[in-house]
Amino acid sequence: MLNSLPFAYFQNKFVPFAEANISIATHALHYGTGAFGGLRGIPDPQNPQQILLFRLDRHCQRLSQSAKFLRYDLPADKIENTIVDFVRVNKPSTSFYIRPFIYTSDIGIAPRLHNIEKQFFVYGLELGDYMSPEGVSCRISSWYRQEDRSFPLKGKITGAYITSSLAKTEAVESGFDEGILMNSQGKVCEASGMNIFIVRNGQLITPGVEQDILEGITRDSILTIAQDMGIKTIERPVDKSELLIADEVFLSGTAAKITPVKRIENYELSTTRPITEKLREKLTAITENRDDNYREWVYTIPLE
Ligand code: PMP
């Protein structure tokens with residue numbers, strides 16, 4: 001069980017986490033009509049009286065965009081201000097994860113997005129490693145990622161996560177840590193809650209945004225960091241067979257950070273991962289605000 005942070009933002013105020021509850025008849029629970037974000041925060045290792053949030057602006061922007069699909073006008077700055085207040089109220093002392101969430105909140109039946117109340121809440125959990133930093137084994141999922149023509153994949157919509165959940169459980173029940181989903185074209189897409197990168201001949205390759213991936217903020221950061229480090233980056237469709245023979249494969253996400261892949265089904269990957277390790281080291285330094293060149297990615301919140 002993960003520990004929650006003491007206070008949640010719920011119905012426009014901060015209340016103890018245990019009091020932030022909704023009805024069993026809540027519309028979004030039945031129809032998957034919610035959207036969410038997920039950010040990591042840490043006490044500043046150089047000054048624990050200060051909290052660091054990685055790319056707060058981008059996370060708020062993405063949630064505000066997701067809200068549009070729910071026909072809900074939620075400006076990014078409203079989300080940002082609420083998250084900053086949330087951190088000040090909770091004063092976290094360990095690394096944590098913030099979950100801002102919007103949903104159709106009426107008690108009502110019939111799937112729709114018009115003429116229905118929406119609400120916004122925020123809660124947080126203490127969170128250390130989400131996946132083993134040593135590396136994970138993956139299965140190619142028998143479930144395929146949704147297609148943008150039938151699902152708004154540029155939003156982070158709750159309903160999409162049935163597919164992620166099926167892929168993850170299928171992988172775990174067959175002895176793997178994680179599932180890798182292909183898109184409807186049969187190209188490599190992403191993992192249950194992470195984007196995917198491969199390294200071939202010193203080049204960093206990842207499926208492009210037109211490949212039905214979620215536009216991951218960690219993915220975007222890694223592409224920038226890699227380019228700044230002089231690593232050639234390519235966004236293009238990736239074949240399943242390339243994945244199986246790649247020099248390195250890793251998963252990326254807010255919770256997973258950079259997680260190396262050590263095996264895909266019965267294909268073992270090398271335990272030497274120079275590019276993955278270089279990127280991981282750099283990303284850690286950036287999120288801990290130890291890298292002067294990326295200070296604008298780190299939002300600092302003094303707790304006093
Ligand atoms: N894909 C999916 C399906 C996800 O849920 C996530 C996690 N939000 C990601 C990719 C990675 O996105 P990010 O780097 O923004 O956390």
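1. Helices are DSSP runs of H or I with at least four residues, numbered from the N terminus. This definition is needed for α4, the element that gives the largest share of the lining of the largest pocket, namely 4 residues. The structure discussed in this note is a predicted model.

2. The largest pocket may be described next. It holds about 720 Å³ of space. Its lining consists of 36 residues, and those nearest the centre of the pocket are Y97, R99, Y130, K156 and G193.

3. Which elements each supply at least two residues of the lining of the largest pocket? They are the elements β6 (96-104), β7 (118-126), α4 (161-173), α5 and β14. By class, this lining is made up of 17 nonpolar, 12 polar and 7 charged residues.

4. The ligand is located in this largest pocket. Two elements, α5 (217-228) and β14 (248-253), give two or more residues to the shell around the ligand. Both α5 and β14 also each supply at least two residues of the lining of the largest pocket.

5. The surroundings of the ligand comprise 15 residues, of which K156, Y161, I217, T218 and T254 come nearest. K156 also belongs to the residues that lie nearest the centre of the largest pocket. Divided by class, the shell around the ligand contains 4 nonpolar, 8 polar and 3 charged residues.

6. Individual contacts with the ligand deserve attention. In the side chain of T254, an N or O atom is 2.6 Å from an oxygen atom of the ligand. In I217, a backbone N or O atom lies 2.8 Å from an oxygen atom of the ligand. In the side chain of E190, an N or O atom is 3.1 Å from a nitrogen atom of the ligand. On its own the ligand has 390 Å² of accessible area, and the protein covers 95% of that area.

7. How many cavities of 30 Å³ or more does the count give? The count comes to 1 cavity. The space in the largest cavity is about 40 Å³.

8. The largest cavity is lined by R145, Q146, A160, T163, S164, L181, E190 and A191. E190 thus appears in this lining, and the side chain of E190 also has an N or O atom 3.1 Å from a nitrogen atom of the ligand. At least two residues of the cavity lining come from each of α4 and β10 (188-191). By class, the lining of the largest cavity has 3 nonpolar, 3 polar and 2 charged residues.

Methods. Residues numbered from 1 in each chain as written. Predicted model: local features only at pLDDT ≥ 70, side-chain atom pairs only at ≥ 80, totals over all residues. Heavy atoms only, no water. Near = heavy atom within 4 Å. Polar contact = N/O pair within 3.5 Å; in protein donor to acceptor, adjacent residues only side chain to side chain. Areas by Shrake-Rupley, 256 points an atom, 1.4 Å probe, with all protein chains shown as cover. 1 Å grid on protein atoms, 1.4 Å probe; cavity = no way out; pocket = protein on both sides within 12 Å on 5 of 7 lines; lining within 4 Å. Sits in = over half its atoms within 2 Å of the grid points. Nonpolar A, V, L, I, M, F, W, Y, C, P; charged D, E, K, R; others polar. Points joined across faces, edges and corners; volume = space filled by probe spheres on them.
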